[in-house]
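Here is a short briefing to read with the model open beside you. It starts with the overall make-up and then moves through packing, cores and single residues.

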Amino acid sequence: MLHEKLAARVISGLRYGLGKEVMLEIQDIFFEISILVAAAAFLAWLATLSHQPIIIAYLACGVIAGPSGLRLIKHPELIDAVSEIGVTLLLFLAGMVLHPNRLVQLFKSAAFVTLANCAISWLIIFGVMRAFGFDNADAFIAALALMFSSTILVVKLLPTTTLHQKHLGSLCIAILIAQDLIAVLVLLFIGGEATGSLLNIGLLLPLKGLVFTVVVILVEQFALRRMMRQSDRFHEVLSLMCLGWCLGLSALAESLGLSYEVGAFIAGVAVARSPLAPFLTEELKPFRDFFLMFFFFTLGAKLDPFMAKVVWLP
């Protein structure tokens, strides 16, 4: 069996013109992912024994194995790209527990709270930054960046029963998604696409979002739902179709300027109308949790404990 794998790898390298250096790099990537998963599993076990959130274990794994630690990861950009799948699946599953009619009602309730929260947070952060001697431009940008809540952390830390079954969990998701939409607008402002940016923000982007949502709902109702009924006996096919639906629409939304997260959430809300939604949610949870581990690892890898004294001690 090992000989067959070795021969297949060599033949593949010859067929596609892969040199020795590229083959070794592929082996390094496999080694890094294997070490990462094994270390994260061990630290997660320690976290459960000490009654700590598993997220802490993933962050600690990033600090230990990242650039500030043992430097075991030589391709952090690849891990970062893989982690985007976890974030996308997280928002997709969050959307799958919210029927469109219920979501519209929640957005009506959450609109004022979201805007008020962002405005108050911005004013507080801006004032603190100015008090510490930062100029208006730096304080303005920093306040914009820090006035939002972390969708990933909130959704991940909320208990499953609260997130999926209680009004409070649904309201939290509506507020977080509204913040994500505001964040998209903020990013466009910061990016500053010359004179066309105001037109894009004020008219084109909402129009794109509306058209995208309507098309997604129609395709789900008249195409995807029928395809799922035809293959409902094969669970792996349903899971694959759901993953393809999520990732495909996320990529399409990103190309339209709506972001991966917004596209995944809209795709999930469309599937929420299907009777298979509860089953598919449970099927995809292991995929979400596995890929989210990479996300928290990358966060930990970007932390530098040795910079703490510079931050706290000027």
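Helices here are DSSP runs of at least four residues, numbered from the N terminus. With that in hand, Thr-88 can be placed in helix H4, which covers residues 76-96. Please keep in mind that this is a predicted model.

**Overall make-up**

- The protein has 14 helices and 0 strands.
- Along the sequence, the pattern therefore reads α-α-α-α-α-α-α-α-α-α-α-α-α-α, each α standing for a helix as defined by DSSP runs.
- There are 314 residues in the protein, and 38% of them count as buried.
- Among contacts with a separation of 6 or more, 72% are between residues 24 or more positions apart.

**Helix H4 against helix H12**

- H4 packs with helix H12 (residues 260-271) at an angle of about 35°, and their axes are 7 Å apart.
- The two helices cross in a right-handed sense.
- On the H4 side, the contact is made by Glu-84, Val-87, Thr-88, Leu-91, Phe-92, Ala-94, Gly-95 and Met-96.
- H12 contributes Tyr-260, Glu-261, Ala-264, Phe-265, Ala-267, Gly-268, Val-269 and Val-271.
- By type, the residues of the contact of H4 with H12 are 11 nonpolar, 3 polar and 2 charged.

**Thr-88, a residue of that contact**

- Is Thr-88 buried or exposed? Thr-88 counts as buried because its relative accessibility is 4%, and the cut-off for buried is under 20%.
- A polar atom of the Thr-88 side chain lies 2.8 Å from the backbone oxygen of Glu-84.
- Leaving out residues up to four places away in sequence, Thr-88 touches Cys-246, Leu-247, Ser-250, Tyr-260 and Ala-264.
- Two of these partners, Tyr-260 and Ala-264, also appear on the H12 side of the contact described above.

**Helix H5 against helix H6**

- Helix H5 (residues 100-131) and helix H6 (residues 136-146) pack at an angle of about 140°, with 8 Å between their axes.
- The crossing of H5 and H6 is right-handed.
- H5 takes part through Trp-122, Ile-125, Phe-126, Met-129 and Arg-130.
- H6 takes part through Asn-136, Asp-138, Ala-139, Phe-140, Ala-142, Ala-143, Leu-144 and Leu-146.
- Sorted by type, the residues of the contact of H5 with H6 are 10 nonpolar, 1 polar and 2 charged.

**Nonpolar cores**

- In soluble globular proteins, nonpolar side chains tend to be buried together.
- How many residues does the largest nonpolar core have? The largest nonpolar core has 63 residues, and those with the most contacts inside it are Phe-92, Met-96, Trp-245, Phe-265 and Phe-297.
- Helix H13 (residues 277-301) gives the largest share of this core, 11 residues.
- A second, separate core has 11 residues, including Ala-142, Leu-144, Met-147 and Val-186.
- Trp-245 of the largest core touches Phe-92, Val-216, Val-219, Glu-220, Leu-224, Ala-267, Ala-270 and Val-271, not counting residues up to four places away in sequence.

**Two residues of helix H13**

- Thr-298 is found in H13, and Thr-298 counts as buried because its relative accessibility is 6%.
- Apart from neighbours within four places in sequence, Thr-298 is in contact with Ile-79, Asp-80 and Ser-83.
- Asp-289 is also placed in H13, but Asp-289 is partly exposed, with a relative accessible area of 27%.
- The C-alpha atoms of Asp-289 and Val-87 are separated by 9.6 Å, although these residues are 202 residues apart along the chain.

**Two loop residues with positive phi**

- Most residues other than glycine have a negative phi.
- His-51 has a positive phi, near 60°, and lies in the loop between helix H2 (20-49) and helix H3 (54-65).
- With a relative accessible area of 71%, His-51 is exposed.
- Arg-71 also has a positive phi, near 55°, and lies in the loop between H3 and H4.
- Is Arg-71 buried or exposed? Arg-71 counts as exposed because its relative accessibility is 62%, and exposed means over 50%.

Note on methods:
Residues are numbered from 1 along each chain as its sequence is written. This is a predicted model: local features need pLDDT of at least 70, side-chain atom pairs count only at pLDDT 80 or more; totals for chains, interfaces and linings use all residues. Side-chain values use heavy atoms; hydrogens and water are left out. Axes are lines fitted to C-alpha atoms, for helices over the stretch in contact, and angles run from 0 to 180 degrees between N-to-C directions. A crossing is left-handed if the near helix is turned anticlockwise from the far one by less than a right angle, and right-handed if clockwise. Contact means heavy atoms within 4.5 Å. Ala, Val, Leu, Ile, Met, Phe, Trp, Tyr, Cys and Pro count as nonpolar, Asp, Glu, Lys and Arg as charged, and the others, Gly among them, as polar. Buried means under 20% relative accessible area, exposed over 50%, partly exposed in between (1.4 Å probe, protein chains only). A polar contact is a pair of N or O atoms within 3.5 Å; within protein, one must be able to donate a hydrogen and the other to accept it, and residues adjacent in sequence count only if both atoms are side-chain atoms. A nonpolar core is a set of buried Ala, Val, Leu, Ile, Met, Phe, Trp, Tyr and Cys residues joined through side-chain atoms within 4.5 Å.
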